[in-house]
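Student: I would like to work through this chain with you, one question at a time. Could we begin once the structure is on the screen?

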Amino acid sequence: MNFIEDKIINILKNLPNESNYLDYKQIPYFKEKKPAFIKDIIAFLNSKEALEKDKFIIIGVTDKLELMGLPKDKQMLDDASYQTWITTHITPQPIIETGSISYKEKTFGYIYQMRERKAPKFIYGDISSLKNN
């Protein structure tokens, strides 16, 4: 296991409350959820409280902190899709990593944003296109 996977397993074991640097989602971001993805990433990046912290969105956890895992019919998109959304709509470009991890015989998705010391980040491009692309 690597550093990021260790951190995610620790989060799944302890299930801390959501914060300015931790969010849980029940299902992954798909093309129609691209605006929500951009909004969530920007909110993390521009949060003063999260500025120098690693940030995680863990997917497969309910609002009541139940470990459901990813539904079989709703797996994460490939990393290239999320990276394209970032490079198309956020500047300066943050460093993110996406993937999935197994825990307690379930698969969870994650979006990891490396800690940064610089803010703010901005949405750019045709914002109306977020709903169509």
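Tutor: Gladly! Let us start with a definition: two strands count as paired if DSSP finds at least two bridges between them. Keep in mind that this is a predicted model.

Student: With that in hand, over how many bridges do strands β2 and β5 pair?
Tutor: Strand β2 covers residues 55-59, and strand β5 covers residues 106-113. One place to look is Ile-59, which stands opposite Gly-109 in β5. The two strands run in the antiparallel sense, and the number of bridges between them is 5.

Student: And over how many bridges do β4 and β5 pair?
Tutor: Strand β4 spans residues 96-103 and is antiparallel to β5. Among the facing residues, Ile-96 stands opposite Gln-113, and Thr-98 has Ile-111 as its bridge partner. The number of bridges for this pair is 8.

Student: Which residue in the turn between β4 and β5 has a positive phi?
Tutor: These two strands form a hairpin, with 2 residues between them. In that turn, a phi of about 50° belongs to Lys-104.

Student: In what order do the strands of the open sheet lie?
Tutor: The sheet has 4 strands, and its pairing is mixed. Its edge strands are β1 (22-25) and β4, each pairing on one side only. From one strand to the next, the twist averages 20°. Read across, the order is β1-β2-β5-β4.

Student: Which helix packs on that sheet?
Tutor: Look for a helix that touches β1, β2, β4 and β5. Its direction makes about 55° with that of β4. The helix covers residues 3-14 and is α1.

Student: Is Leu-12 buried or exposed?
Tutor: Leu-12 lies in helix α1. Residues up to four places away in sequence aside, Leu-12 touches Ile-58, Val-61, Leu-67, Tyr-103 and Phe-108. The cut-off for burial is under 20% relative accessible area. Leu-12 has a value of 1%, so it is buried.

Student: How far apart in space are Leu-12 and Phe-108, C-alpha to C-alpha?
Tutor: Along the sequence, the two are 96 residues apart. They are nonetheless in contact. Their C-alpha atoms are separated by 9.3 Å.

Student: Why can β5 be called largely enclosed by the rest of the structure?
Tutor: Strand β5 pairs with β2 and also with β4. The strand has 8 residues, and it is largely enclosed because the number of them that are buried is 6.

Student: What handedness does the unit of β1, α2 and β2 have?
Tutor: The two strands of the unit pair in the parallel sense over 4 bridges, with Leu-22 opposite Phe-56 in β2. Together with α2 they make a β-α-β unit, and it is right-handed.

Student: What span should helix α2 have at 1.5 Å a residue?
Tutor: Helix α2 has 12 residues, 34-45. Its buried residues include Phe-37, Ile-41 and Phe-44. The end C-alpha atoms are 16 Å apart, which agrees with the expected span of 16 Å.

Student: What is the relative accessible area of Ser-81?
Tutor: Ser-81 lies in helix α3, residues 79-89. The C-alpha atoms of Ser-81 and Lys-31 are 8.8 Å apart, although 50 residues separate them along the chain. Partly exposed residues fall between 20% and 50%. Ser-81 counts as partly exposed because its relative accessible area is 24%.

Student: To finish with the whole chain, what percentage of its residues count as buried?
Tutor: The chain has 3 helices and 6 strands, running α-β-α-β-α-β-β-β-β from the N terminus. Of the contacts between residues at least 6 apart in sequence, 72% join residues at least 24 apart. The accessible surface comes to about 7700 Å², with 50% of it belonging to carbon and sulfur atoms. Out of 133 residues, the buried share is 43%.

Technical notes: Residues numbered from 1 in each chain as written. Predicted model: local features only at pLDDT ≥ 70, side-chain atom pairs only at ≥ 80, totals over all residues. Heavy atoms only, no water. Buried < 20%, exposed > 50% of the residue type's maximum accessible area, 1.4 Å probe, protein only. Contact = heavy atoms within 4.5 Å. Areas by Shrake-Rupley, 256 points an atom, 1.4 Å probe, with all protein chains shown as cover. Expected span 1.5 Å × (residues − 1). Axes fitted to C-alpha atoms, helices over the stretch in contact; angles between N-to-C directions. Right-handed = clockwise from strand over helix to strand, strands pointing away.
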